[in-house]
Amino acid sequence: MEFGSIEREIHVDATPEVVYEVVSTPEHLRGWWPDDADLEPVPGATGTLTFGDGTSPDATICPLTVVEADPPKRFSFRWVYEEGEIAAAGNSLLITFDLVSAGAGTLLRMTETGFRERGWEAALLEEQYNDHVSGWDYYLPRLAPYVAGLVQTP
Amino acid sequence: MSVTVDDELWSAVGDPIRRRMLDLLLTDGGGTATTLSERLPVTRQAVAKHLGVLDRAGLVHATPSGRERIYAVDEAQFARAVAQLASVGAAWDARLRRIKRIAEAIQLTRDNRTDT
């Protein structure tokens, strides 16, 4: 196991063009990761990933910077850096999607690097910026005691 | 636990030689700088230095034994280091499965459109 990075791959029965769209456009990002996304898939463009209800003060808005946008082969961006900083190696995590045509489908390879440079703290953050699906596992147990408290109040 | 200590833990497991050392210590149940250097392509001095890093990160504990120190893995701290990245990895597995589902649904819709 390489502790400085995470690598995953998956075969998708869809063309690289379709997969590229899914990993790089806000409309589709919302379907598989954050609650909201605002970004232009253009190198150097900055955007945001929103975790939680964007209109609530509890929402986490995470800046991102697109590094490479080479459809339908590669899309990469940096995230988990302090707001106001310029994302670079050493202060952020880099997520890269490589798409390789495989038969009628696509081999999608995801790499997330920067944990060693950015330190342990980044892994804790990445864990917190979880998707809305597992997010409910976090919020629901906290909601029950809160509701119980309301009921008991005379 | 402070962030500084966490950073040490992270960089401690970030080095391939140190990971190899942890593997050996886990398999053998413990070892000294001398026994480890016999099984690694580095000098005893280098091993001693790496053991120092692992010790500061809380990943190993030393017990004096004659002129040597016997090192063993701190299982709790080691489990903590492994669990951290495993959980981030598991999150990515789930995300990629959703990417797959969405992309395949789009592909199906487009294929059907061209068929008709």
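1. A good place to start is a meeting of two helices in chain B: from α2(B), the residues B:Ile17, B:Arg18 and B:Met21 touch B:His50, B:Val53 and B:Leu54 of α4(B). By kind, the residues of this contact divide into four nonpolar, one polar and one charged. Please keep in mind as you look around that this is a predicted model.

2. How do the two helices lie against each other? The axes of α2(B) and α4(B), the latter spanning residues 44-56 of chain B, are 10 Å apart and make an angle of about 80°. Angles of 65 to 115 degrees count as roughly perpendicular, and α2(B) and α4(B) are therefore roughly perpendicular to each other.

3. Now for α2(B) by itself. This helix takes in residues 16-28 of chain B, 13 residues in total. From its first C-alpha to its last, α2(B) reaches 18 Å, close to the 18 Å expected at 1.5 Å a residue.

4. Which residues of α2(B) are buried? They are B:Arg18, B:Met21 and B:Leu25. Looking down the axis of α2(B), you will find these buried residues within an arc of 55°, so they line one face of the helix. There is a general rule to recall here: an α-helix has 3.6 residues a turn, so residues three or four places apart point the same way. Two of the names may be familiar from the first point, as B:Arg18 and B:Met21 are among the residues of α2(B) that meet α4(B).

5. The other side of α2(B) has exposed residues, namely B:Pro16, B:Asp23 and B:Thr27. Just past the helix comes B:Gly29, which has a positive phi, near 80°.

6. It may help to step back to chain B as a whole. This chain has five helices and two strands, and from the N terminus on they follow the order α-α-α-α-β-β-α. Of its 116 residues, 28% count as buried. Among the contacts of chain B with a separation of 6 or more, 47% are accounted for by residues 24 or more positions apart.

7. One residue to visit in the strands of chain B is B:Ile70, found in β2, residues 68-73. Is B:Ile70 buried or partly exposed? It counts as partly exposed, because it has 17 C-beta neighbours inside 10 Å, and a buried residue needs 20 or more. Beyond its neighbours within four places in sequence, B:Ile70 is in contact with B:Gly30, B:Thr32, B:Ala62, B:Thr63 and B:Ser65. B:Val60 lies 10 residues from B:Ile70 in sequence, with 9.8 Å between their C-alpha atoms.

8. Chain A deserves a look too. Here there are five helices and seven strands, and the elements run β-α-α-β-β-β-β-β-β-α-α-α from the N terminus on. Buried residues are 33% of the 154 residues in chain A. Taking contacts in chain A between residues at least 6 apart in sequence, 41% join residues at least 24 apart.

9. Where in chain A is A:Thr25? Its place is the loop between α1 (16-24) and α2 (26-32). A:Thr25 counts as partly exposed, because 16 C-beta neighbours lie inside 10 Å. Follow the chain on to A:Glu40: the two residues are 15 apart in sequence, while their C-alpha atoms are 7.5 Å apart in space.

Notes. Residues numbered from 1 in each chain as written. Chains lettered and ligands numbered in written order. Predicted model: local features only at pLDDT ≥ 70, side-chain atom pairs only at ≥ 80, totals over all residues. Helix = DSSP H or I, 4+ residues; strand = E, 2+ residues; numbered from the N terminus. Expected span 1.5 Å × (residues − 1). Buried ≥ 20, exposed ≤ 12 C-beta atoms within 10 Å, placed from the backbone. Arc of directions from axis to C-beta. Contact = placed C-beta atoms within 7 Å. Axes fitted to C-alpha atoms, helices over the stretch in contact; angles between N-to-C directions. Parallel < 35°, antiparallel > 145°, perpendicular 65-115°, else oblique. Nonpolar A, V, L, I, M, F, W, Y, C, P; charged D, E, K, R; others polar.
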